[in-house]
Amino acid sequence: MQIAFSELGTHSVDVCIVGCGAAGLSMAQRLARQGYRVALCEGGDHEYSERSQEIYQGESLGDPYIPLVGARLRYFGGSTNHWGGICRSLDPYDFTPKPAAPETTAWPIGREALEPYYAEAADILGVVPTPPDSNISGSGLKRIHFSAPPPIRLKPRYTAFVKDAKTLIYCPTANLFRLETSQGRVTRAVFRDYAGNERSVTAHYYVLACGGIENSRLLLWCNRQAHGQLVKHAETLGRYWMDHPHATIGRALFLAPERFGLDLDHTVFLAPTPESIAERGILNCGLRLHRMGDEDTEQLIDDLAYAAPALGRELKDKAFGKRLMCGALLRAAWEQEPTPESRIELDTATDKLGMPRARLIWRKTPLDAKTVRDTTLLLGEDLRDRNIGRLQLAPWLANEDIENIEFPADGEIAGRHHMGGTRMSLTPDQGIVDPDCKVFGQENFFIAGSSVFPSAGHANPTLTLTQLALRLSSHLERQLGQRV
């Protein structure tokens, strides 16, 4: 049931969940359906409001990034309110150490740990079945697919449930402000409304599920107030922050478009095989081939003819007039190298609640440049070696000096896929949470969402973070069952 802020703390609960995005809502509805008493606290209003969204103002340093206030949403449903609905699981080898960065890319769990929760997550998100991946023989690439149904909006789907569920209390405008801890247990969560009033919640278990920027900001702030006793090993807190860099990477002519599935007018997705990832010393990457119209294809042939007249005439005479050729605009979204220099910090400026704002320092690396360049060249080399087309790299990517490639400062830039900052690891010196998403050093405090990702693959994170949240729910159910 929905309660007013003034009523917060008057109910005894098993689990206090902070945040009403994909992770928090997935957990709350599952635990409540099992009969557990849940407090679901959302800092925003139930509907969009400027007073809530303004909390997300923040500074960005380092590489150019999307304004933080526009990169996420702060009300019931979180950023699923502008989610495009595109889903794909991380690849199995995304959980294993990649040779290019073995110490930072491995997860302490494998994909098999998430597979029992796939069907439930797919139902929550409206994921539809897709064809299996298929290798494109001899190219080092594979054809991949995304589930892209009309996006599910969690707000209309779960509003009635959270307002009516008998074992769940839902409180909007409850902004987490402090976590109190004693002897390795969180003892109380203190919330503040927009008028400065405070209320507290006590629970057996606490879950922070506020997104890939806010999880770090809130934990940094709460740990500062707790004099370092909340996260005792905070060396990696806020660090190893990631997004999926996005960019236009070139154009290509295809004399055999059916080899890559370009026989129909739709976007085609390619990715390097695990063997290519190892051989090339790169991370994972998704190429997007957007078929161009005849006029743009002719222009591309003319551009090629200017650089290589004989080849341009041959391609135009043999293929274009017979409608056997197509052109494609190439874009990419790729896995960012996890690095401690890419991080969330607390700013000196504060928000209206009195909490330091987030400061993002986003740093891409030469490995990020090599990943997207080498993946693109896999396609170009296949077209050239088989004489079935040609690829033209975007000027920014044509630089062979990987160390000095300058990433585009405009256009897509990134996917708004906020990951890392409270990464999962086996030991507290390497991360913030253990494989069960429990904060090291605290018996009853957990983190949900993509902030626990140690590495990112190239797939959109929503499906994986929902599976992780359901897995955490299952873990808490077992813990609560032992208390009975």
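Strands β8 and β9 form a hairpin with five residues between them. Gly196, in the turn, has a positive phi of about 90°. The model is predicted; local features need pLDDT of at least 70, side-chain atom pairs count only at pLDDT 80 or more, and totals for chains, interfaces and linings use all residues. Residues are numbered from 1 along each chain as its sequence is written, and side-chain values use heavy atoms, with hydrogens and water left out. Helices (H or I, at least four residues) and strands (E, at least two) are DSSP runs, numbered from the N terminus.

Strand β8 covers residues 185–192, and β9 covers residues 198–201. The two pair in the antiparallel sense over four bridges; strands pair if DSSP finds at least two bridges between them. Ala189 stands opposite Val201 in β9. Strand β8 also pairs with β7, again in the antiparallel sense, over seven bridges. Here Leu176 has Phe191 of β8 as its bridge partner. The hairpin of β7 and β8 has two residues between the strands. In this hairpin Gln183 takes a positive phi near 50°.

Together these strands make an open sheet of three, in the order β7-β8-β9, with antiparallel pairing. Strands β7 and β9 stand at the edges, each with a single partner strand, so one side of each is left without a neighbour in the sheet. The twist averages 25° from one strand to the next; axes are lines fitted to C-alpha atoms, and angles run from 0 to 180 degrees between N-to-C directions.

Phe191 also appears in the largest nonpolar core. A nonpolar core is a set of buried Ala, Val, Leu, Ile, Met, Phe, Trp, Tyr and Cys residues joined through side-chain atoms within 4.5 Å. Buried means under 20% relative accessible area, exposed over 50%, and partly exposed in between (1.4 Å probe, protein chains only). This core has 92 residues, and Ile17, Leu168 and Phe191 have the most contacts inside it. Helix α11 (residues 462–483) gives the most to the core, with eight residues. Apart from it lies another core, of 32 residues, among them Ala247, Ala256, Val268 and Leu379. Contact means heavy atoms within 4.5 Å. Leaving aside residues up to four places away in sequence, Ile17 touches ten named residues' worth of neighbours including Gly24, Met27, Val38, Cys41 and Val207. 

Helix α6 (residues 214–225) has twelve residues and, at 1.5 Å a residue, should span 16 Å; its end C-alpha atoms are 16 Å apart, which agrees. The expected span is 1.5 Å times one less than the number of residues. Ten of the twelve residues of α6 are buried, so the helix is largely enclosed by the rest of the structure. The buried residues include Glu214, Arg217, Leu220, Trp221 and Asn223. Among the elements that cover them are β7 (175–182), β10 (203–208) and β15 (343–350). The cover also includes β16 (356–362) and β19 (445–447). Just after α6, His227 takes a positive phi of about 55°.

Most residues other than glycine have a negative phi. Tyr240 has a positive value, near 60°. Tyr240 lies in the loop between α6 and β11 (245–254). Its relative accessible area is 14%, so Tyr240 is buried. Asn387 likewise has a positive phi, near 55°. Asn387 sits in the loop between α10 (366–385) and β17 (389–393). At 40% relative accessibility, Asn387 counts as partly exposed.

Leu360 belongs to strand β16. At 0% relative accessibility, Leu360 counts as buried. Leu360 and Ser342 are 18 residues apart in sequence and 7.9 Å apart in space, C-alpha to C-alpha. Beyond residues up to four places away in sequence, Leu360 touches Glu59, Ser60, Leu61, Tyr65, Leu68, Trp241, Arg343 and Ile344.

Two of the neighbours of Leu360, Glu59 and Ser60, bring in a span from the UniProt record. UniProt places "domain: FAD dependent oxidoreductase" (unreviewed entry) at residues 14–60. Over residues 14–60 the chain is 34% helix and 26% strand, with the end C-alpha atoms 38 Å apart. For "domain: Glucose-methanol-choline oxidoreductase C-terminal" (unreviewed entry), UniProt lists residues 338–469. The span of residues 338–469 is 21% helix and 19% strand, and its end C-alpha atoms lie 22 Å apart. UniProt positions are given in the numbering used here, feature names are shortened, and annotations may be inferred rather than shown by experiment.
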